[in-house]
Amino acid sequence: MIYILNLQLKRNVYMIRAAKISEIPNILKITKACALNMSKDGVHQWNEHYPSKIAFENDISRNELFVFEENLKIVGTITISTLMDKEYEDINWITPSSNNIYIHRLSVHPSYQGKGYAQKMMDFAENYGSENKFASIRLDTFSQNKRNQKFYETRGYIKLGNIYFPKQSEDPFFCYELVIK
């Protein structure tokens, strides 16, 4: 099922829609700009290994990658997946691991940050989870990314444990879960 959200605010038109394979080069430009921006702040979360073209191709093949557009320009991305990564298996989750969604690769181009677009994408994901009767939403964020930790904790996500992605960092990533009501 494809979900589309259209918003119109102050003469600007915003849309969240399924991504297309032809848009991957633009999506990679956004994630590379985010990686550079985070690195300037000392957060070395994304690198030449992640996020990758292959990851986005897989997301699109499963209809799990969405883009956020402002006036027909892609400025952000979010992956809403039903697949649990093997790294998540040892986490003591709040809900059983049978009916959950997982958020990956949430990004907003640095030139468009601070406008609430990440909030809108998470609202979209949470509404998607609720409408489709998922038990919870799960995600991870880098332990050195205090901004993201605050973002998710403010939304009610509970930190549950650590996982590691050695190709990205020696530091842990924190796993979070939000039970859908």
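## A pocket, two helices and some buried arginines

The largest pocket holds about 1,200 Å³ of space. Keep in mind that this is a predicted model, and that everything below is read from that model.

Who sits around this space? The lining of the largest pocket runs to 47 residues, and Gln 45, Trp 46, Tyr 50, Arg 105 and Leu 106 are the ones nearest its centre. Helices and strands both take part: two or more lining residues come from each of helix H1 (24–40), helix H2 (53–61), strand S4 (73–81), strand S5 (100–108), helix H3 (117–131), strand S6 (136–142) and helix H4 (146–154). The top contributor is S5, which gives 6 residues to the lining. As for chemistry, the lining is a mix of 19 nonpolar, 17 polar and 11 charged residues.

### Helices H1 and H3

Two of the helices on that list deserve a closer look. H1 is built from 17 residues, and its first and last C-alpha atoms are 24 Å apart, close to the 24 Å expected at 1.5 Å a residue. Its buried residues are Ile 24, Ile 27, Leu 28, Ile 30, Thr 31, Ala 33, Cys 34, Ala 35 and Met 38. What do they pack against? The buried residues of H1 meet H2, strand S3 (65–70), S4 and S5. Since S5 is also the element that gives the most to the pocket lining, it turns up in both parts of this picture.

H3 tells a similar story about length: with 15 residues it should span 21 Å at 1.5 Å a residue, and its end C-alpha atoms are indeed 21 Å apart. In H3 the buried set is Tyr 117, Met 121, Met 122, Phe 124, Ala 125, Glu 126, Tyr 128 and Gly 129. Note that a charged residue, Glu 126, is among the buried ones.

### Positive phi angles

Both helices are followed by a residue with positive phi: Gly 42 just after H1 and Lys 133 just after H3. Two loop residues join them on this list, and neither is a glycine: Asn 63 and Leu 72.

| Residue | Place | Phi |
|---|---|---|
| Gly 42 | just after H1 | about 80° |
| Asn 63 | loop between H2 and S3 | near 60° |
| Leu 72 | loop between S3 and S4 | about 70° |
| Lys 133 | just after H3 | about 60° |

Are the two loop residues buried or exposed? Asn 63 has a relative accessible area of 53%, so it counts as exposed, the cut-off being over 50%. Leu 72 is exposed too, because its relative accessibility is 74%. So here we have a leucine, a nonpolar residue, that is exposed in the loop between S3 and S4.

### Buried arginines and their partners

Now for the charged side chains on the inside. Arg 17 belongs to strand S2 (residues 12–18). With a relative accessible area of 10%, Arg 17 falls under the 20% cut-off and is therefore buried. Which side chains does Arg 17 pair with? One is Glu 23, through a polar contact of 2.4 Å between the two side chains. The other partner listed here is Glu 69, with a side-chain polar contact of 2.6 Å.

Arg 138, in strand S6, is buried as well, because its relative accessibility is 0%. Its side chain makes polar contacts with the side chains of Ser 97 (2.9 Å) and Glu 177 (3.1 Å). Leaving aside residues up to four places away in sequence, Arg 138 touches Met 84, Trp 93, Thr 95, Pro 96, Ser 97, Asn 100, Ile 101, Tyr 102, Ile 103, Tyr 176 and Glu 177.

That brings us to Tyr 176, which lies in strand S8 (residues 173–179). How far is Tyr 176 from Arg 138 in sequence and in space? They are 38 residues apart along the chain, yet their C-alpha atoms are 5.7 Å apart. Tyr 176 has a relative accessible area of 0%, so it is buried. Its side chain makes a polar contact of 2.7 Å with that of Glu 153. With residues up to four places away in sequence left out, the neighbours Tyr 176 touches include Trp 93, Ile 137, Arg 138, Leu 139 and Thr 141, and further ones among them are Gln 149, Tyr 157, Ile 158 and Lys 159. Trp 93 is touched by Arg 138 and by Tyr 176.

Technical notes. Residues are numbered from 1 along each chain as its sequence is written. Side-chain values use heavy atoms; hydrogens and water are left out. On a 1 Å grid over the protein atoms alone, a cavity is a set of points where a 1.4 Å probe fits but cannot get out, and a pocket is an open set with protein on both sides within 12 Å along at least five of seven lines; lining residues have an atom within 4 Å of a point. Grid points are joined across faces, edges and corners, and a volume is the space filled by probe spheres set on the points. Helices (H or I, at least four residues) and strands (E, at least two) are DSSP runs, numbered from the N terminus. The expected span of a helix is 1.5 Å times one less than its number of residues. Buried means under 20% relative accessible area, exposed over 50%, partly exposed in between (1.4 Å probe, protein chains only). Contact means heavy atoms within 4.5 Å. A polar contact is a pair of N or O atoms within 3.5 Å; within protein, one must be able to donate a hydrogen and the other to accept it, and residues adjacent in sequence count only if both atoms are side-chain atoms.
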